[in-house]
Amino acid sequence: MDYFDKINERLSSKLKGKTLTKESSLRDLGIDSLGLVDLVFELEEEIGVQFEDDDLLKIKTVQDLLDLIDAKK
């Protein structure tokens, strides 16, 4: 399973019929800052990366999150 699939799996209950793409804006998907923190916390534990608070401010799209994960791995 790649990171996109992991993100999709984590967000599936919050998507409410919307389709997740790499270009998806987290805000447009209804993911607020608390939802992003929850997602990042789960990913940190699962894939073994540590995000800084400043990193979270840079995440606007799914691709932003994927790029950040790649940079941390």
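**Notebook: S24 and the packing of helix α1**

I looked up the side chain of S24 and found one of its polar atoms 2.8 Å from the backbone nitrogen of T21. The model I am reading is a predicted one.

**Entry on S24.** I located S24 in the loop that joins α1 to α2, the latter spanning residues 33-47. Is S24 buried or exposed? I noted a relative accessible area of 8% for S24; buried means under 20%, and S24 is therefore buried. I then listed what S24 touches, leaving aside residues up to four places away in sequence: T19, L29, K60, T61 and V62. I recorded that V62 recurs among the residues of α4 that meet α1.

**Entry on K16.** I turned to K16, which also has its place in the loop between α1 and α2. I read its phi as near 50°, a positive value in a residue that is not glycine. I set beside this the general expectation that most residues other than glycine have a negative phi. For K16 I found a relative accessible area of 76%; exposed means over 50%, so K16 is exposed.

**Entry on α1 and α4.** I took up helix packing next, for which the angle between the axes and the distance between them are the usual description. I found that the axes of α1 (residues 3-11) and α4 (residues 62-72) come within 10 Å and cross at roughly 130°. I therefore entered the two helices as oblique to each other. I recorded the crossing of α1 and α4 as right-handed. Which residues meet here? From α1 I listed Y3, F4 and I7, and from α4 V62, L65, L66, I69 and D70. I sorted the residues of this contact into seven nonpolar, one charged and no polar.

**Entry on α1 and α2.** I read an angle of about 135° for the packing of α1 with α2, and an axis separation of 11 Å. That makes α1 oblique to α2 as well, so I entered the pair as such. I noted that α1 passes α2 in a right-handed crossing. On the α1 side I listed Y3, K6, I7, R10 and L11, which meet L39, E42, L43, E46 and I47 of α2. I counted six nonpolar, four charged and no polar residues in the contact of α1 with α2.

**Entry on α1 across both contacts.** I marked Y3 and I7 as residues of α1 that appear in the contact with α4 and again in the contact with α2.

Technical notes:
Residues are numbered from 1 along each chain as its sequence is written. This is a predicted model: local features need pLDDT of at least 70, side-chain atom pairs count only at pLDDT 80 or more; totals for chains, interfaces and linings use all residues. Side-chain values use heavy atoms; hydrogens and water are left out. Axes are lines fitted to C-alpha atoms, for helices over the stretch in contact, and angles run from 0 to 180 degrees between N-to-C directions. Helices (H or I, at least four residues) and strands (E, at least two) are DSSP runs, numbered from the N terminus. Angles under 35 degrees count as roughly parallel, over 145 as roughly antiparallel, 65 to 115 as roughly perpendicular and the rest as oblique. A crossing is left-handed if the near helix is turned anticlockwise from the far one by less than a right angle, and right-handed if clockwise. Contact means heavy atoms within 4.5 Å. Ala, Val, Leu, Ile, Met, Phe, Trp, Tyr, Cys and Pro count as nonpolar, Asp, Glu, Lys and Arg as charged, and the others, Gly among them, as polar. Buried means under 20% relative accessible area, exposed over 50%, partly exposed in between (1.4 Å probe, protein chains only). A polar contact is a pair of N or O atoms within 3.5 Å; within protein, one must be able to donate a hydrogen and the other to accept it, and residues adjacent in sequence count only if both atoms are side-chain atoms.
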